[in-house]
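Here is a colleague's note for someone new to this structure. Please read the points with the model open beside them.

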Amino acid sequence: MLQFLLSEIMFPITCRLSASFIPANKVLPRCALSALALVGLSLSLVGCVSPSPATDGIASASSGKTVIDFWNGFTGPDGKAMDEMVRRFRKANPTIEVRTQTIPWGTYYDKLTLSLAYGGAPDVFVMHAGRLPEFASFGTLQPLDDFYAEAEALGEKKFAPVPWRATFYEGKQVALPLDVHPIGLYYNTKLFKEAGIVDAQGRAKPPKTFDEFIEAARRMTKDTNGDGRTDQWGFVFTWQRTNWLTIAGQFGASILSPDGKRSALDSPQNLRALQLMHDLIYKYKVAPKPEGVDAWLAFRQGKVGMALEGIYMLASLEEQKGLSFAGAPVPQFGPVKAAWGGSHLLCQPKGIAPEQSRAAWKLMQFLSDQSLLWARAGQVPARSDIQGSPQFGALHVQTQFATQLPFVQYEPLHPKSNAIFPLIEPGIEAVMLDIAAPKEAMRDVTRRVNQVLERP
Amino acid sequence: MNQHLSGAAKTLPRKSDGLTGVFFALPHLVLFATFVLAPVAYGIYISLFRWHVLAKAHPFVGLENYSAALSDDIFWIALRNTVYFVVLVVPLGNLVSLGLALALSSVRRWGTFYKIVYYLPVVISIAVVVVLWRWIYNTEIGLLNLYLGSVVGALRGIGLPLPPFEPLPWLSNPSWVMPSLAMLTVWWTAGGNMVLYLAGLGTIGDDYYEAASIDGANAWQRFWAITWPLLRPTTLFCLVFSVLGAFQVFGQSYVMFTAVQGGPVSGPARSGLTLALYMYLQGFRQYEIGYGAAIAYLLFAIVLGLTIVQFRLLSGQSEAKS
């Protein structure tokens, strides 16, 4: 009930605030007060409730089944794969009832946060590696060290090292890594062949170095209908955050100082990376200005030669009729090897009842064991044994992207990561829109990020 | 309105009426106290603490959240954007509403039909409005650029020295974002004020116009000498409420930019970030509820100040009239 109040009533209230801009038919005092209704009302609901342990205690003795709730944000083709994995689990474990709730990522963390703070949290939930330190720093995640100690088959040796390290917070292991989803180069093989960028066998040849990349991009950027405007581009920036993290990583830039207390965004390495991103648009003119272009749609429609996107976008390309594409590792823009990646981790809430916890761990293990199915939906499994399997080897794009696993970089694994990205992104955007030079943009961003980091 | 109320009081002189009235108002009072007054008071309390949703302890910090907000340049960016939005929306919106009302008041056939048509957008939820306008504003395939393109093409066709039409990036260029949101808002809300202006026009007697016509006044003179001065109470009322409403703008920018996963939070280079939205982002995206509440109260103070000023204006006006 409370869960309902918090999540189902708060959002409409948020909307009411917007609805309150229907002028004229409002009573005056209400106008003045409604600005407060959003924060005020929701808080009063929140405030009335004492935090309680996470489960709602439905481990029903009557049916003899343990009921566990599982929350995730997989609304696309990945959701279908996840449903299938859970279905298999139910079949293999008739004594455990899994209730899955799929919440779009856009509101997923809002709901998860409130449930962890005020009760009604799920027994298993998905958490991105970049968000884990934040939730762990508030002590909301259940340590799983005992389970790992018992399950000898599921030790460090079974996992790729990068996601494995991301499951620890201050020495305690609080998650099971499901996958790694690195960024990679998607390229349109048809446009490559048309532009004559092929290897000895006549197959489209993806660029490996910056020079090859620029050369290929230049040859594919053109005005195909002769109206004086470029309508086919060599490259597009899709999600600026991941594109930037990749290129900045390749120049050796880090976001924060090694002790995590200061911004390092104004470092020469980062400025060079941003300058390069700017130059692709304004100097080399091989990418459109990021305005008025639905970049990913343009790639899907075959109007773009190359894009850097996450492996999870694979399904959206596979369902595109008439598009011939392939995947490759990110070309080498800077002196260091790096590619952005994320990971879906599986967690349990702190204070979960032992019975639920055990059942939840069973589900987590099962999902990990089944991650070949997960890989097909556009992921690289965190399990190195599954990565080495011949079935995974048959997945062409996944294996290409997976070669970057040793040097995948997450967003900073820092409790304030989520708080600083809304400050960083407008700065990157300003550079890409040619509103500010990299140096000025990053000076402002650095000042703001430092303010947030200083705040207790 | 005031006259009406005092008149009613005179005809109902019995003593018990006060209590009866309270009883009648009780259902609303209970809800109002529970869902508005109490939360508002609690909000003030929260704004004095460093209050992260997930944190176990909430230390008292006094007015620190307020001073932090006032020295936070993004707060000022949001305030500047909000003021810009108000300046764009209020005059334009009222001009459109007044124009519609003037046009419709002289329509004899199908008048009600047109009133409904122009009022309909007011009833639509903002989420739907924004999704609709996202397509209209689309740079490549949007209706607006299509029409503008053909207009420019036609003008060039008749020999005007115009440059060829470049599609305008309505939602992706920072300097276009607020005008785009304002246009959408005018379309969405104009019908509400139109109804008020129509009611105001209805109170102006035909005899004024008749007399003016006999004296040979043209349409413009009739509007300027009769309609405009006699409509002033309505105009002021509409302006006041438009300003208050526009200051709280949230949904347009939220649905257009912030609710989209992976998109820039409230528009390119923060160009669509408004105060109400910044409050939401701090409270519900960063979970810093104390800080969000402080921003809410700063917005409250601004709106309250404006309300007082405008109330003075309004009451001065009605006194002058009586």
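1. A residue is called buried when its relative accessible area is under 20%, exposed when it is over 50%, and partly exposed in between. By that cut-off, 44% of the 322 residues in chain B are buried. For chain A, the buried part is 59% of 456 residues. Please keep in mind that this is a predicted model.

2. What secondary structure does chain B contain? Chain B has 14 helices and 0 strands, and its pattern along the sequence is accordingly written as α repeated from start to end. Chain A, by contrast, combines 20 helices with 14 strands.

3. On the surface, chain B exposes about 16,900 Å², with 70% of that area supplied by carbon and sulfur atoms. Chain A has an accessible surface of about 18,300 Å², and carbon and sulfur atoms account for 54% of it.

4. Contacts between residues at least 6 apart in sequence can be sorted by their separation. In chain A, 74% of such contacts join residues at least 24 apart. The corresponding value in chain B is 68%.

5. Which residues make the nonpolar surface patch of about 560 Å²? The patch is formed by B:Leu19, B:Val22, B:Phe23, B:Leu26, B:Leu29 and B:Val30. One of them, B:Leu26, sits in helix 2 of chain B, which covers residues 17-46. B:Leu26 has a relative accessible area of 35%, so this residue is partly exposed. As background, an α-helix has 3.6 residues a turn, so residues three or four places apart point the same way.

6. Helix 4 of chain B runs over residues 73-105. Its 33 residues, at 1.5 Å a residue, should span 48 Å, and the end C-alpha atoms are 47 Å apart, in agreement with that value. The N-terminal end of helix 4 is capped by B:Asp72, which places a side-chain oxygen 2.9 Å from the backbone nitrogen of B:Ile74.

7. Helix 11 of chain A, residues 268-282, passes the same kind of check: 15 residues should span 21 Å, and the end C-alpha atoms are 20 Å apart. Buried residues of helix 11 include A:Asn270, A:Leu274, A:His278 and A:Ile281. Among the elements of chain A that cover the buried residues of helix 11 are helix 9 (210-220), strand 8 (233-236), helix 10 (240-250), helix 19 and helix 20.

8. Is A:Leu276, in helix 11 of chain A, buried or exposed? A:Leu276 counts as buried because its relative accessibility is 11%, below the 20% cut-off. Leaving aside neighbours within four places in sequence, A:Leu276 is in contact with A:Phe210, A:Ile247, A:Phe251 and A:Phe333. A:Phe333 is 57 residues from A:Leu276 along the chain, yet their C-alpha atoms are separated by 8.7 Å.

9. Two residues other than glycine have a positive phi and deserve a look. A:Asp434 has phi near 65° and lies in the loop between helix 19 (417-432) and helix 20 (438-454) of chain A. With 44% relative accessibility, A:Asp434 is partly exposed. B:Tyr287 has a phi of about 60° and lies in the loop between helix 13 (275-285) and helix 14 (289-321) of chain B. B:Tyr287, at 4% relative accessibility, is buried.

Notes:
Residues numbered from 1 in each chain as written. Chains lettered and ligands numbered in written order. Predicted model: local features only at pLDDT ≥ 70, side-chain atom pairs only at ≥ 80, totals over all residues. Heavy atoms only, no water. Patch = residues over 30% accessible without salt bridge, like charges linked within 9 Å, V, L, I, M, F, W, Y side chains within 5 Å. Areas by Shrake-Rupley, 256 points an atom, 1.4 Å probe, with all protein chains shown as cover. Salt bridge = Lys/Arg side-chain N within 4 Å of Asp/Glu carboxyl O. Helix = DSSP H or I, 4+ residues; strand = E, 2+ residues; numbered from the N terminus. Buried < 20%, exposed > 50% of the residue type's maximum accessible area, 1.4 Å probe, protein only. Contact = heavy atoms within 4.5 Å. Expected span 1.5 Å × (residues − 1). Polar contact = N/O pair within 3.5 Å; in protein donor to acceptor, adjacent residues only side chain to side chain.
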